[in-house]
Amino acid sequence: MSIRNKVVLSAIAVALPLVLISVGSGAASASSKFSGNAPGTVSCSGVSGSVSFKPPLTNVGGGTTVKAKGVISGCHASNPSVSITDGKFTASITSSGAGCAGLANGTTQETFTIKWKGDFGGSKAKFTSSTVVVKGSTIVTNGAGDEGFELPNPSNEPNGATATGSFATVSSSESFAYTNENEGQFLSGCSTGIKKVTIASGQLNGL
């Protein structure tokens with residue numbers, strides 16, 4: 001065998017284990033990506049989105065079908081390994097259909113699905129969605145005079161919310177979602193029919 005061939009074979013013999021190590025480490029890295037329920041609890045300082053009513057919400061009725069959707073931001077998880085960049089929620093809300101007065105008296109049950117994005121242990125994770133069942137809500141007003149919703153309805157405490165999937169817990173903490181309308185604007189809308197309200201701010205506490 002020529003000297004050249006021996007050198008080539010020696011180079012292959014050295015390189016092959018390095019290639020196998022590289023492939024093996026890549027496979028291990030891919031398989032180590034976290035997938036499942038995010039542990040612990042989470043609180044978020046931002047909520048935005050919309051709530052729609054069908055038929056339109058009026059002083060005398062409407063709003064038998066209520067849907068909500070939006071984005072949750074500014075989240076902090078209790079488990080230091082979990083980092084949440086944002087969450088997207090949808091909700092189906094049980095309403096009496098008694099119009100604005102009925103909404104002011106509070107809803108009976110709200111079911112939220114929250115899809116989370118974030119990291120676990122510094123790497124991208126695929127978190128299971130949270131299914132959150134809230135024992136109703138009631139109308140509240142923030143310091144700026146904007147009307148909004150307090151969840152769960154304080155009259156249904158303690159343990160007014162339960163979650164399965166990520167951040168599975170039973171919570172008695174109150175969360176809030178505020179519109180960009182004051183009481184006068186809201187009442188004026190009720191006289192003509194409200195199809196949708198915008199959620200401009202809020203916070204999720206202790207899910």
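Reader: At the start of H3, which backbone nitrogen does a side-chain oxygen of Asn 182 reach?

Author: The model is predicted, so local features need pLDDT of at least 70 and side-chain atom pairs pLDDT 80 or more, whereas totals for chains, interfaces and linings use all residues. Residues are numbered from 1 along each chain as its sequence is written, and side-chain values use heavy atoms, without hydrogens and water. H3 is a helix (a DSSP run of H or I with at least four residues; a strand is a run of E with at least two; both are numbered from the N terminus). At its start, the side-chain oxygen of Asn 182 comes to within 3.1 Å of the backbone nitrogen of Gly 184.

Reader: Which residue just after H3 takes a positive phi?

Author: The residue in question directly follows the helix. Its phi is about 115°, and the residue is Gly 193.

Reader: Around the axis of H3, how wide an arc do the buried residues cover?

Author: The buried residues of H3 (buried: under 20% relative accessible area; exposed: over 50%; partly exposed: in between; 1.4 Å probe, protein chains only) are Phe 186, Gly 189 and Cys 190. They lie on the same side of H3, because the arc they cover is only 105°. That arc is taken from the directions from the helix axis to the C-beta atoms. The face turned away from them carries the exposed Ser 191 and Thr 192, while the buried residues cover an arc of only 105°.

Reader: Which elements are included in what covers the buried residues of H3?

Author: Covering is judged by contact, which means heavy atoms within 4.5 Å. The elements include S2, H2, strand S9 (146–151), strand S12 (175–182) and strand S13 (194–203).

Reader: Is the disulfide of Cys 100 and Cys 190 right-handed or left-handed?

Author: Cys 100 and Cys 190 have their sulfur atoms 1.9 Å apart, and a disulfide is a pair of cysteine sulfur atoms within 2.5 Å. Cys 100 lies in helix H2 and Cys 190 in helix H3, so the bond ties together parts that are 90 residues apart in sequence. Cys 100 is buried at a relative accessible area of 9%, and Cys 190 is buried at 1%. The torsion about the S-S bond is about -100°, so the disulfide of Cys 100 and Cys 190 is left-handed.

Reader: What is the torsion about the S-S bond of Cys 44 and Cys 75?

Author: Cys 44 and Cys 75 form a disulfide with sulfur atoms 2.1 Å apart. Cys 44 belongs to strand S2 (residues 42–57) and Cys 75 to strand S3 (residues 65–77), so parts 31 residues apart in sequence are tied together. Both cysteines are buried. This disulfide is right-handed because its torsion is about 105°.

Reader: Which element gives the most to the largest nonpolar core?

Author: A nonpolar core is a set of buried Ala, Val, Leu, Ile, Met, Phe, Trp, Tyr and Cys residues joined through side-chain atoms within 4.5 Å. The largest has 39 residues, of which Val 42, Phe 53, Trp 116, Phe 167 and Leu 207 touch the most other members. Six residues come from the element that gives the most, S2.

Reader: How are Trp 116 and Phe 167 arranged as an aromatic pair?

Author: Rings of Phe, Tyr and Trp (its six-membered ring) pair if their centres lie within 6.5 Å; planes under 30 degrees apart are stacked, over 60 edge-to-face and the rest tilted. The whole structure holds five such pairs, among them Phe 89 and Phe 112, a tilted pair because the centres are 6.1 Å apart and the planes stand at 55°. Both Phe 89 and Phe 112 are buried. For Trp 116 and Phe 167, the centres are 5.2 Å apart and the planes at 85°, an arrangement that is edge-to-face.

Reader: In the loop between S9 and strand S10, is Asn 153 buried or exposed?

Author: The side chain of Asn 153 makes a polar contact with that of Ser 155 at 2.9 Å. Such a contact is a pair of N or O atoms within 3.5 Å; within protein, one must be able to donate a hydrogen and the other to accept it, and residues adjacent in sequence count only if both atoms are side-chain atoms. With a relative accessible area of 8%, Asn 153 is buried.
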